[in-house]
Amino acid sequence: MKPVLKSLRLLVFFLCGLMLFGCVSAGKDFNVHMVPKIQLHQTTRAQIEQMFGPPWRTGVEDGKQTWSYGTYKYGVSDTLSRDLVVRFDGNGTVASYTFNSNYPEDKQL
């Protein structure tokens with residue numbers, strides 16, 4: 001079988017599966033109601049882990065350690081996503097954070 005046909009069949013199989021199951025999810029749920037409790041230069045790394053659990057991803061941004069929490073649900077007709085990125089300073093406290101969501105229930109956070 002030609003590689004192009006094989007790739008096309010895989011793509012069709014994936015699209016059919018997506019339509020059958022309705023959505024694809026990635027990430028890990030976290031307690032969004034704890035986001036307003038984060039205090040800059042006061043909340044520690046240990047407290048963040050207690051509030052949200054282990055991070056889904058870790059990294060470095062502008063030399064600061066970052067922890068990421070996120071959940072992403074891709075559907076046929078819509079996509080829902082929410083994510084939290086926490087940046088820690090050299091003392092292990094929150095230097096900054098970003099929370100983004102398109103879940104309707106998160107608008108009041």
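Arg87, at 12% relative accessibility, falls under the 20% limit and therefore counts as buried. The model in which this residue is described is a predicted one.

Despite being buried, Arg87 has a charged partner, for Glu61 forms a salt bridge with Arg87 in which the closest N and O atoms are 3.2 Å apart. Because Glu61 belongs to strand E2 (residues 57-61) and Arg87 to strand E4 (residues 79-88), this pair ties together parts that lie 26 residues apart in sequence. The Glu61 side of the pair is partly exposed, with a relative accessibility of 33%, whereas the Arg87 side is buried at 12%.

The structure holds three salt bridges, and they are set out in the following table.

| Salt bridge | N to O distance |
|---|---|
| Glu61 and Arg87 | 3.2 Å |
| Glu105 and Arg82 | 3.6 Å |
| Arg82 and Asp106 | 2.8 Å |

Side chains of opposite charge can pair when their charged atoms come close. Arg82 takes part in a network of salt bridges that links it with Glu105 and Asp106.

Within this network, the side chains of Glu105 and Arg82 meet at an N to O distance of 3.6 Å. Since Glu105 lies in the segment after strand E5 (94-101) and Arg82 in strand E4, the pair ties together parts of the chain that are 23 residues apart in sequence. Glu105 counts as partly exposed because its relative accessibility is 43%, while Arg82, at 9% relative accessibility, counts as buried.

The other bridge of the network joins the side chains of Arg82 and Asp106, with 2.8 Å from N to O. This pair likewise links distant parts of the chain, with Arg82 in strand E4 and Asp106 in the segment after E5, 24 residues apart. Both Arg82 and Asp106 are buried, whereas Glu105, the remaining member of the network, is partly exposed at 43% relative accessibility.

A further buried position is found in strand E3 (residues 64-75), which contains Ser68. Ser68 has a relative accessibility of 9% and so counts as buried, the limit being under 20%. When its neighbours within four places in sequence are left aside, Ser68 is in contact with Pro55, Trp56, Arg57, Leu84 and Val85.

Note on methods
Residues are numbered from 1 along each chain as its sequence is written. This is a predicted model: local features need pLDDT of at least 70, side-chain atom pairs count only at pLDDT 80 or more; totals for chains, interfaces and linings use all residues. Side-chain values use heavy atoms; hydrogens and water are left out. Helices (H or I, at least four residues) and strands (E, at least two) are DSSP runs, numbered from the N terminus. Buried means under 20% relative accessible area, exposed over 50%, partly exposed in between (1.4 Å probe, protein chains only). Contact means heavy atoms within 4.5 Å. A salt bridge is a side-chain nitrogen of Lys or Arg within 4 Å of a carboxyl oxygen of Asp or Glu.
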